[in-house]
Amino acid sequence: MLNLHALRVLLSSAALTVLATSCTISRPEDINAAYREVLDQRFNHYVLKPGDAISVTLYNRQTDLNQRDLLILPDGRSDLFFMDNHSFVGKTVSEVEAELRAQTAGEIQNVAEVMIQVRPKEEVAYFIGQFERPGTVPLTTKMTLHEAISSVGGTNILGDTDYALLRRPYKDPRHPELFRIDLNDEVEELFLLPGDQVILGRTFLAGLIGYLREYVFGIIPGGSPLQNFGLAGAAAL
């Protein structure tokens, strides 16, 4: 007979399975389109604030001037090679890039492109379930799903390598939107937003084995022939 905790686990797993299998798959391009204005604001019009970190890359030149995770101090300033004690707060990325090009024009030759990437203060996404290192991922303004999955070590051996759930509270934290997403869809990258929760369940077989191990064979004395036979049989399914 199942105890109350086991029943709750079983019901929760069943609910997640039903949700994951009953929802239609949401394509990345459709999710991005639904948040196009938000993404445009983050990509092109994000305004820097204290506590943000910026990374600068100068293309078409081998140089040690590239900088990563340069923190904007509480007074809104920071040091960026030829721009000591420069004011960043209240400016967009495009404005800072233009200032950098103008400031370095007489110092650095043949720099075809300057790119600044922003990691906003306290903006994270949550990776829950069968990832190698589940937890929080600090976001950049252009963080993609696959970049974030890579930063948590990818999926583990028990994880469903096909589908995951995206829980997005960005518009309404009390009523988050739920999307079933295909982890292998690379037609368009899915861009993440602050507070996103990516939930990856186990494969059906891994879930079955875990359930049998804990709630069925767990009541049989350890090492008994029946337990060993049962687990071996489940693993061989």
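## Ser78 and a three-stranded sheet

Ser78 touches Leu70, Leu71, Ile72, Met83, Asp84, Asn85, His86 and Phe88, leaving aside residues up to four places away in sequence. Keep in mind that this is a predicted model.

**Exercise 1.** Work out whether Ser78 is buried or exposed, and find which backbone oxygen lies 3.0 Å from a polar atom of its side chain.

*Solution.*
- Step 1: Start by finding the residue. Ser78 sits in strand β3, which covers residues 77–80.
- Step 2: Now check the accessible area. The relative value for Ser78 is 8%, and buried means under 20%. So Ser78 counts as buried, at 8%.
- Step 3: Next, look at the side chain. One of its polar atoms is 3.0 Å from the backbone oxygen of Leu71. Leu71 is also one of the residues that Ser78 touches.

**Exercise 2.** Say in what order the three strands of the open sheet run, and which strands stand at the edges.

*Solution.*
- Step 1: Write down the order. The open sheet goes β2-β1-β5, with antiparallel pairing.
- Step 2: Look for strands with a single partner. Those are β2 (67–71) and β5 (113–119), so each has one side without a neighbour in the sheet.
- Step 3: Add the twist, which averages 25° from one strand to the next.

**Exercise 3.** Find how many bridges join β1 and β5, and which helix packs on the sheet.

*Solution.*
- Step 1: Follow β1 (residues 53–59) along β5: they pair in the antiparallel sense over seven bridges.
- Step 2: Pick out a bridge. Tyr59 has Glu113 in β5 as its partner.
- Step 3: Bring in the helix. α4 (residues 93–104) packs on the sheet and touches β1 and β5. The direction of α4 makes about 140° with that of β5.

Conventions:
Residues are numbered from 1 along each chain as its sequence is written. This is a predicted model: local features need pLDDT of at least 70, side-chain atom pairs count only at pLDDT 80 or more; totals for chains, interfaces and linings use all residues. Side-chain values use heavy atoms; hydrogens and water are left out. Helices (H or I, at least four residues) and strands (E, at least two) are DSSP runs, numbered from the N terminus. Buried means under 20% relative accessible area, exposed over 50%, partly exposed in between (1.4 Å probe, protein chains only). A polar contact is a pair of N or O atoms within 3.5 Å; within protein, one must be able to donate a hydrogen and the other to accept it, and residues adjacent in sequence count only if both atoms are side-chain atoms. Contact means heavy atoms within 4.5 Å. Two strands pair if DSSP finds at least two bridges between them. Axes are lines fitted to C-alpha atoms, for helices over the stretch in contact, and angles run from 0 to 180 degrees between N-to-C directions.
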